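This report goes through selected sheets, residues and one pocket of the structure shown below.

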Amino acid sequence: MDLAIIPSAQVDATVLRASLDGIVSIDAHGRVLEFNPAAERMFGYTRDEALGADMAELIVPPASRAMHRNGLLRLLHGDPARILDKRVELEAQRADGTSFPVEIAITRMSGSQATYTGFIRDITDHKLVEQERAERLGRQALVVALGQSALAGLDPTDLCASGLSTLIEGLGVERGSALTAGPDGALRRESAIGLGPIAGHGEPAGSPCSALLRRTVDAGGSLLLTGDAVRGEAGGMHVAEGMGCVLMVALQGDRGPTLGMLSVASIQPDAIGLDDVGFAQAIANVVGTAIARWRADEEIARRGLQDPLTGLANRPLFENRLQQALERARREQGDAAVLFVDVDGFGRLNDGFGYRTGDEVLVGVGARLAGVLPADATAGRLAGDDFAVLVPGVATDDEALALAERIGAALSEPMLAGGRELSLTASIGVVLTER
């Protein structure tokens with residue numbers, strides 16, 4: 001059978017040359033009859049190379065060729081084509097073997113011979129925009145979900161674990177760690193992913209992490225290292241070992257101090273880019289703000305239950321624990337002793353040396369009480385120079401009196417207050433719970 005090349009009878013030559021879309025015509029056997037300039041640019045073949053070739057071998061990916069040929073056979077047998085005169089999205093293949101997405105509309109041309117023309121548009125850029133939009137929306141959803149979790153009042157360890165897993169999911173990387181900074185500035189690891197046995201909570205993070213956190217803060221809150229910079233600048237940091245890129249973001253509360261750091265890494269040098277930094281910072285902002293809020297709430301609660309001067313339990317907390325001890329005693333589940341401690345002559349000391357010296361004495365009394373009591377005891381300041389001690393497990397007068405003697409001895413040791421050495425005595429009353 002002779003090849004019939006009849007472009008001018010089917011498609012206007014001016015349209016072929018001017019069209020921005022690729023135009024490819026084939027006969028009923030799949031041989032190319034027309035291949036316009038846009039198709040040449042799109043697929044990488046010249047018109048002369050394409051004419052007469054099997055289109056399936058030319059521009060259809062191998063995985064789709066059988067389906068393409070079956071469709072042509074159905075057309076030859078008069079079956080209706082499902083893609084004629086419709087816009088569909090398919091995968092096409094260039095001369096160099098690379099695949100790319102196209103939108104194609106196929107129509108049957110008029111005439112005595114069955115020929116089909118496809119109007120083809122490269123939608124790679126469109127797909128990239130769609131992909132970026134879907135990725136952006138997906139990441140926004142992750143940030144929102146993390147924010148909702150943070151509102152549940154998670155503690156810093158759980159907040160760090162949630163933030164780290166969200167960041168790793170959103171970036172699609174292999175490993176990461178979350179660190180928090182203590183009051184002394186030392187970092188400890190709260191959570192880790194992909195780091196094996198060093199993923200335990202509470203481990204010291206080490207000086208390399210501290211140095212990288214300082215650099216991250218100095219860089220504006222985020223630091224991305226790739227290639228040789230990972231080995232040169234992040235050496236000794238577990239998350240960076242064997243990795244091609246590392247991203248670190250500081251955890252900072254609202255205008256507050258630096259609270260820690262999230263760091264993630266991938267073996268691929270280009271796995272994390274500058275476009276990913278904004279997402280990482282959004283995660284860090286949620287975690288940092290939530291940790292700052294949690295710590296503030298804890299401090300408020302602590303202050304509400306502690307005497308602000310001595311740090312001992314305040315009267316409401318002491319009375320609450322005393323009530324619990326009495327309830328246990330009534331249920332025959334434990335004995336307890338209560339010791340009331342009053343500093344002798346404290347009023348005269350205040351009048352003679354001033355309230356500042358008096359406050360230093362009260363702080364000293366609190367510290368000495370805490371120093372001689374067992375770990376399960378509660379010491380409280382009820383008011384002024386009135387202190388009380390609740391000690392569970394004391395069942396006899398002898399045990400209670402022995403404890404009172406230890407307290408009296410501790411308080412009688414000379415105390416430095418107001419720049420002078422003072423000697424104190426205290427009156428101590430003892431009460432045992434009754435069953």
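How many bridges join strand 6 to strand 11? Six bridges join strand 6 to strand 11 (residues 258-266), and the two run antiparallel. The model is a predicted one, in which local features need pLDDT of at least 70, side-chain atom pairs count only at pLDDT 80 or more, and totals for chains, interfaces and linings use all residues. Residues are numbered from 1 along each chain as its sequence is written, and side-chain values use heavy atoms, with hydrogens and water left out.

**The six-stranded sheet**

Strands, like helices, are DSSP runs numbered from the N terminus (H or I of at least four residues for helices, E of at least two for strands), and two strands count as paired if DSSP finds at least two bridges between them. As general background, strands of a sheet pair through backbone hydrogen bonds, either parallel or antiparallel. Here, six strands form an open sheet in the order 8-7-6-11-10-9, with antiparallel pairing. Its edge strands are strand 8 (203-204) and strand 9 (222-226), each of which pairs on one side only.

Within this sheet, strand 6 (residues 175-181) has seven of its seven residues buried, where buried means under 20% relative accessible area, exposed over 50%, and partly exposed in between, for a 1.4 Å probe and protein chains only. Both faces of strand 6 are covered, with Arg175, Ser177, Leu179 and Ala181 buried on one side and Gly176, Ala178 and Thr180 buried on the other. Strand 6 also pairs with strand 7 (residues 187-193) in the antiparallel sense over six bridges. The hairpin of strand 6 and strand 7 has five residues between the strands, and glycine 185 there takes a positive phi near 90 degrees. Towards the strand 9 edge, five bridges join strand 9 to strand 10 (residues 245-252), again in the antiparallel sense.

Individual bridge partners and opposite residues, including some from other parts of the model, are listed here.

| Residue | Partner or opposite residue | Strand of the second residue |
|---|---|---|
| Leucine 179 | Methionine 261 | Strand 11 |
| Serine 177 | Alanine 192 | Strand 7 |
| Threonine 226 | Cysteine 245 | Strand 10 |
| Isoleucine 26 | Valine 32 | Strand 2 |
| Valine 338 | Valine 431 | Strand 17 |

**The four-stranded sheet and its helices**

Another open sheet is formed by four strands in the order 13-14-12-17, with antiparallel pairing. Strand 13 (378-383) and strand 17 (426-432) stand at the edges, each with a single partner strand, so one side of each is left without a neighbour in the sheet. Neighbouring strands of this sheet are turned by 20 degrees against each other on average, direction ignored; axes are lines fitted to C-alpha atoms, for helices over the stretch in contact, and angles run from 0 to 180 degrees between N-to-C directions. Strand 12 (residues 336-343) is joined to strand 17 by seven bridges, the two running antiparallel. Helix 14 (residues 355-372) packs on the sheet and touches strand 12, strand 13 and strand 14 (386-392), its direction making about 10 degrees with that of strand 14; contact means heavy atoms within 4.5 Å. Helix 15 (residues 397-412) also packs on the sheet, where it touches strand 12, strand 14 and strand 17, and its direction makes about 160 degrees with that of strand 17.

**The N-terminal hairpin and glutamine 93**

Strand 1 (residues 22-27) and strand 2 (residues 32-35) are joined by three bridges and run antiparallel. They form a hairpin with four residues between them, and glycine 30 in the turn has a positive phi of about 90 degrees. Glutamine 93 lies in strand 3 (residues 87-93), and at 11% relative accessibility this residue counts as buried. Residues up to four places away in sequence are not counted among its contacts, which include Phe43, Leu58, Arg65 and Phe100.

**A charged pocket lining**

The second largest pocket holds about 200 Å³ of space. On a 1 Å grid over the protein atoms alone, a pocket is an open set of points with protein on both sides within 12 Å along at least five of seven lines, and lining residues have an atom within 4 Å of a point; grid points are joined across faces, edges and corners, and the volume is the space filled by probe spheres set on the points. Its lining consists of Glu132, Glu135, Arg136, Arg139, Asp275, Asp276 and Phe279. Helix 7 (residues 124-150) gives the largest share of this lining, four residues. By class, the lining has one nonpolar, no polar and six charged residues, with Ala, Val, Leu, Ile, Met, Phe, Trp, Tyr, Cys and Pro counted as nonpolar, Asp, Glu, Lys and Arg as charged, and the others, Gly among them, as polar.

Definitions and conventions
On a 1 Å grid over the protein atoms alone, a cavity is a set of points where a 1.4 Å probe fits but cannot get out, and a pocket is an open set with protein on both sides within 12 Å along at least five of seven lines; lining residues have an atom within 4 Å of a point.
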